[in-house]
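Please open your viewer, display the chain as a cartoon, and keep the sequence panel beside it. The tour below moves from the whole chain to single residues, with something to select at each stop.

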Amino acid sequence: MLQIDRIAHASRLRKLHPHVRISLPLIGLVLMPFAGSVWLGLSVLLFTAFINLWHGEVPVKLYLESLLAPAFFVITAVIGILLVTNPGTEQVLWQWPGVSLYVTKASL
């Protein structure tokens, strides 16, 4: 059995109704794009981390390790959004030497 499975079976959060465990984070994720506020996203992240670490008794090291996979996808997505192959009329902030990749004000 994986360590994350053992922690999930021993967590105090397992006693919560499944609808509550699913709906609370889902509500936060749905509200974030519509709010247009970085602070709301940060507060949802901190709230879920607090609930998992404090009430769920998940070790901090395991929690941070579990965030590595999503962080990899976020970092690669940001890099993909930043790099533009055709700047058009946009102001070029940085150009990759020898390659047609640009970072423009709009992509930033």
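## The whole chain

Begin with the cartoon of the complete protein chain, whose secondary structure comes to 5 helices and 3 strands. This is a predicted model, and if you follow the protein chain along its sequence you will read the pattern α-α-α-α-α-β-β-β.

Now turn the view and consider the overall dimensions: along its principal axes, the C-alpha trace of the protein chain spans about 55 × 35 × 20 Å. The radius of gyration of the protein chain is 20 Å, whereas a compact globule of 108 residues would have one near 13 Å.

Next, switch on the surface, of which the protein chain exposes about 8,600 Å², with carbon and sulfur atoms supplying 72% of that area. How much of the protein chain is made up of buried residues? They account for 14% of its 108 residues.

If you colour the side chains by charge, you should find 7 positive and 4 negative ones in the protein chain, and the centres of these two sets lie 10 Å apart. As for contacts between residues at least 6 apart in sequence, 26% of them join residues at least 24 apart.

## First stop: Ser 11 and Glu 57

Select Ser 11, which sits in the loop between helix 1 (3–10) and helix 2 (18–35). Is Ser 11 buried or exposed? Its relative accessible area is 7%, which is under the 20% cut-off, and therefore Ser 11 counts as buried. Show its side chain as sticks, and you can trace it to the backbone oxygen of Gly 56, which it reaches at 3.2 Å.

Then select Glu 57, found in the loop between helix 3 (38–55) and helix 4 (60–66). Look at the backbone here, since Glu 57 has a positive phi of about 55 degrees although it is not a glycine. With a relative accessible area of 49%, Glu 57 is partly exposed.

## Second stop: Ile 4 and Val 20

Go to Ile 4 in helix 1, a residue that is partly exposed, with a relative accessible area of 44%. Add Leu 62 to the selection and draw a line from C-alpha to C-alpha: Ile 4 and Leu 62 are 58 residues apart in sequence and 7.8 Å apart in space.

Move on to Val 20, whose place is in helix 2 and which counts as partly exposed at 34% relative accessibility. Pair Val 20 with Pro 70, which is 50 residues away along the chain, and the separation of their C-alpha atoms is 23 Å.

## Last stop: loops between the strands

Select Gly 88, in the loop between strand 1 (83–84) and strand 2, where a relative accessibility of 56% makes this residue count as exposed. A line between the C-alpha atoms of Gly 88 and Thr 104 covers 9.6 Å, and these two residues are 16 residues apart along the chain.

Finally, select Gly 98, which lies in the loop between strand 2 (92–95) and strand 3 (102–104). Gly 98 is exposed, with a relative accessible area of 87%. How far apart are the C-alpha atoms of Gly 98 and Asn 86, which are 12 residues apart along the chain? They are separated by 14 Å.

How values were computed
Residues are numbered from 1 along each chain as its sequence is written. This is a predicted model: local features need pLDDT of at least 70, side-chain atom pairs count only at pLDDT 80 or more; totals for chains, interfaces and linings use all residues. Side-chain values use heavy atoms; hydrogens and water are left out. Helices (H or I, at least four residues) and strands (E, at least two) are DSSP runs, numbered from the N terminus. The radius of gyration is taken over C-alpha atoms; the globule rule is 2.2 Å times the number of residues to the power 0.38. Buried means under 20% relative accessible area, exposed over 50%, partly exposed in between (1.4 Å probe, protein chains only). Contact means heavy atoms within 4.5 Å. Accessible areas come from the Shrake-Rupley method with a 1.4 Å probe; for residues, only the protein chains shown count as cover. Lys and Arg count as positive and Asp and Glu as negative; His and the chain ends are not counted. The place of a charge is taken as NZ of Lys, CZ of Arg, CG of Asp or CD of Glu. A polar contact is a pair of N or O atoms within 3.5 Å; within protein, one must be able to donate a hydrogen and the other to accept it, and residues adjacent in sequence count only if both atoms are side-chain atoms.
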